[in-house]
Amino acid sequence: MESRADFLIIGSGIAGLRAAVEVAGVGTVLILTKAEPREGNTGYAQGGIAAAVGQDDSPDLHAADTIAAGDGLCDERAVAVLVDEGPRYVRELIEWGAAFDRDPDGHLALAIEGAHSARRVLHAHDATGREIARVLWDKVVHLPRVTTLEHARAIDLVLERDGSCSGAWFLGEDGSIGSVRAGAVLLATGGAGQVFSDTTNPAVATGDGVAMGFRAGARVIDLEFVQFHPTALRMQEQPRFLLSEALRGEGAHLLNAAGERFMSRYEPAGELAPRDRVSRAIERESQQTGNPVYLSLRHLDHAFVHARFPVVSGACRRVGLDLARDPIPIGPAAHYMMGGVETDLDGATTIRGLFAAGEVACTGVHGANRLASNSLLEGLVFGARAGRAMKRAGRERAGTRTTVPVPAEIPNGTAKRRQVSGAEVQAVMWRQAGLFRDAEGLESVLGMLEPLWRDLQDNPADRWTRDPAARQTANLVTVARLIARAALRRAESRGAHYRTDHPQRDDIHWKRRIVEELARRSHSGGP
Ligand SMILES: Cc1cc2nc3c(=O)[nH]c(=O)nc-3n(C[C@H](O)[C@H](O)[C@H](O)COP(=O)(O)OP(=O)(O)OC[C@H]3O[C@@H](n4cnc5c(N)ncnc54)[C@H](O)[C@@H]3O)c2cc1C
């Protein structure tokens with residue numbers, strides 16, 4: 001089956017939806033989404049969206065905090081766009097109906113989170129992402145000529161002879177393979193937390209956009225920088241549910257098994273130090289004592305805790321814990337990918353016709369570490385900008401389309417030369433390429449991943465399998481390898497990347513970014 005649209009958007013989180021709003025009205029839009037339309041990181045975002053809208057705040061202050069968190073590697077032009085344009089797009093969301101929390105006088109209730117110097121985090125209780133998605137979906141479903149194809153997993157990009165992108169192949173729910181041709185294509189496929197066994201990300205976050213973009217020849221950048229959130233629920237047999245940073249913003253304490261607050265022994269800023277530092281402190285405390293670490297809100301007003309954090313409170317109740325009274329066992333988990341497919345300030349990748357926005361993209365706005373609550377904002381601002389650029393590109397490319405050859409033979413399973421499961425990749429990445437890294441561990445990860453990657457390269461038909469699990473493993477291998485290679489090359493510690501064998505930041509050698517790129521394919525795609 002071949003479909004056509006003026007604009008193809010892959011992914012239906014904040015970035016994809018905001019871009020869809022921008023391009024609708026000038027042409028037909030097709031949104032491909034891998035699972036239920038609202039499944040993705042956006043719907044799980046709890047704490048809020050940062051924007052300098054408070055009286056004691058300014059875009060300059062927001063920029064300074066973002067750059068400080070980025071540990072020397074932010075692209076300051078991208079940061080300026082984010083903080084200057086952010087307030088406008090957030091106000092637009094409010095005009096469209098976003099019900100952010102307000103104080104009794106009706107003013108926006110702005111929260112503070114780690115490494116922010118002012119109150120600037122707008123929130124809707126602890127379900128901010130869900131509220132933003134609700135508003136964007138309301139908008140998108142009323143737009144003319146926008147169609148959403150659910151349970152349609154993009155599997156590779158369609159390339160023209162000149163190397164430009166003109167669509168994508170996808171695997172439908174019934175196992176059929178189809179293609180969509182479009183004047184402009186947006187990767188808005190979100191993050192890659194599932195590369196690690198312990199993650200706050202939902203099952204769809206398998207790094208597909210980075211894998212597809214890289215295979216097509218797009219430059220990818222900053223992939224060694226993975227943010228580990230310090231406080232995910234850590235209980236046997238339970239998913240790593242996130243306990244938002246906003247809990248610590250409201251005064252929650254981190255306690256060791258003896259009931260002592262320990263953070264000040266590791267970090268002067270205590271519980272509100274940057275995420276990577278809090279994560280490492282928790283892991284060290286836990287390793288030293290051999291016991292878990294807990295988040296405690298016992299000293300806060302119980303009614304306030306349940307009212308302010310209904311989602312977290314409900315999740316705790318489901319596992320038999322009372323958020324306001326019980327110590328909650330927590331630990332770090334992979335949370336956010338700072339790197340991704342390299343883009344300019346308008347979402348353009350290094351492949352003509354291909355754009356990227358949101359967590360899959362790397363504008364350089366986060367540098368080596370993301371400031372809390374900046375990613376929803378990034379998806380909003382850069383999703384809109386990518387949409388505007390796609391309008392221009394779509395017009396220029398109208399009429400240049402050629403016909404895509406249907407793949408001649410598509411295997412039902414994989415003729416895998418080496419067997420590996422997704423779970424094995426996730427486990428090894430968590431152990432050797434997670435919070436604490438060193439050359440020996442990273443080399444051993446690559447010893448496993450490089451041959452698997454070579455197999456995928458040598459046998460491209462394997463990527464065309466109709467088996468979703470095998471497809472997913474191929475993407476996990478691709479992204480895990482890119483993360484591990486960059487982490488091995490970066491022989492220093494910076495931001496979220498920590499090397500026990502190179503614990504210092506080294507500006508002389510490493511105040512630069514790591515890029516990976518394949519030789520360009522110059523045919524129309526297909527095996
Ligand atoms: C638990 C949690 C809490 C968070 N809290 C906050 C917060 O408070 N503030 C903040 O700023 N950020 C937060 N973040 C980060 C933030 O939510 C994400 O970075 C952001 O929502 C990403 O938006 P996105 O549009 O890029 O991707 P997503 O919202 O993840 O959407 C990606 C979409 O792509 C689809 N997709 C993926 N692969 C394919 C494929 N192959 N084919 C078709 N479709 C595909 C997915 O199904 C999904 O629809 C949180 C993240 C998590 C996991």
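In which loop is histidine 299 found? In this predicted model, histidine 299 sits in the loop between strand S12 and helix H10 (302-308). Its relative accessible area is 42%, and histidine 299 is therefore partly exposed, a class that lies between the cut-offs of 20% and 50%. Not counting residues up to four places away in sequence, histidine 299 touches Gly251, Ala252 and His253.

## The antiparallel sheet

One of these contacts, His253, leads to a sheet. Histidine 253 stands opposite serine 296 in S12. Strand S11 and strand S12 (residues 293-296) run antiparallel and are joined by three bridges. Both belong to an open sheet of four strands, in the order S10-S13-S12-S11, with antiparallel pairing. S10 and S11 (253-255) stand at the edges; each has a single partner strand, so one side of each is left without a neighbour in the sheet. From one strand to the next, the twist averages 45°.

At the other edge, strand S10 (residues 226-233) is joined to strand S13 (residues 328-337) by six bridges, and the two run antiparallel. Within this pairing, alanine 232 has glycine 331 of S13 as its bridge partner. Although S10 is an edge strand, S10 is mostly covered, with eight of its eight residues buried. In a regular strand, side chains alternate between the two faces of the sheet.

Leucine 233 also lies in S10. Its relative accessible area is 4%, which is under 20%, and leucine 233 is therefore buried. Leaving aside residues up to four places away in sequence, leucine 233 touches Gln238, Pro239, Arg240, Phe241, Leu243, Val319, Leu321, Ile328 and Pro329.

Helix H13 (residues 422-432) also meets this sheet. Its buried residues pack against S10, S13, helix H14 (439-458) and H15. In H13, Gly422, Val425, Gln426, Val428, Met429 and Trp430 are buried.

## The mixed sheet

Another open sheet has four strands in the order S16-S14-S9-S17, and its pairing is mixed. The edges are formed by strand S16 (361-362) and strand S17 (515-516); each has a single partner strand, so one side of each is left without a neighbour in the sheet. Helix H6 (residues 208-216) packs on this sheet and touches S9, strand S14 (340-342) and S17. The direction of H6 makes about 40° with that of S14. Strand S9 (residues 220-221) pairs with S17 over two bridges in the antiparallel sense. In this pair, isoleucine 221 has valine 515 of S17 as its bridge partner.

## Two crossing helices

Two packed helices are described by the angle between their axes and the distance between the axes. For H6 and H15, the axes come within 9 Å and cross at roughly 75°. This angle falls in the range of 65 to 115 degrees, and the two helices are therefore roughly perpendicular to each other. From H6, the residues Asp208, Val210, Ala211, Phe214 and Arg215 meet Arg471, Asn475, Thr478, Val479, Arg481 and Leu482 of H15. The residues of this contact divide into five nonpolar, two polar and four charged.

## The nonpolar cores

In soluble globular proteins, nonpolar side chains tend to be buried together. The largest nonpolar core here has 59 residues, of which Leu8, Leu157, Leu187, Val195, Phe196, Val210 and Met429 touch the most other members. Helix H15 (residues 468-489) gives the most to this core, with nine residues. Apart from this core lies another, of 54 residues, among them Phe7, Ile14, Ala98 and Ala133.

Leucine 8, one of the members with the most contacts in the largest core, touches Leu30, Leu32, Gly167, Ala168, Val180, Ala182, Ala184, Val185, Leu186 and Met390, not counting residues up to four places away in sequence.

## Separation along the chain and in space

Tryptophan 169 lies in strand S7 (residues 165-171). At 3% relative accessibility, under the cut-off of 20%, tryptophan 169 counts as buried. The table lists a C-alpha to C-alpha separation for tryptophan 169, leucine 233 and histidine 299.

| Residue pair | Separation in sequence | C-alpha separation in space |
|---|---|---|
| Tryptophan 169 and aspartate 156 | 13 residues | 5.3 Å |
| Leucine 233 and alanine 486 | 253 residues | 29 Å |
| Histidine 299 and isoleucine 132 | 167 residues | 31 Å |

Methods
Residues numbered from 1 in each chain as written. Predicted model: local features only at pLDDT ≥ 70, side-chain atom pairs only at ≥ 80, totals over all residues. Heavy atoms only, no water. Buried < 20%, exposed > 50% of the residue type's maximum accessible area, 1.4 Å probe, protein only. Pairing = 2+ DSSP bridges. Contact = heavy atoms within 4.5 Å. Axes fitted to C-alpha atoms, helices over the stretch in contact; angles between N-to-C directions. Core = buried A, V, L, I, M, F, W, Y, C linked by side-chain atoms within 4.5 Å. Parallel < 35°, antiparallel > 145°, perpendicular 65-115°, else oblique. Nonpolar A, V, L, I, M, F, W, Y, C, P; charged D, E, K, R; others polar.
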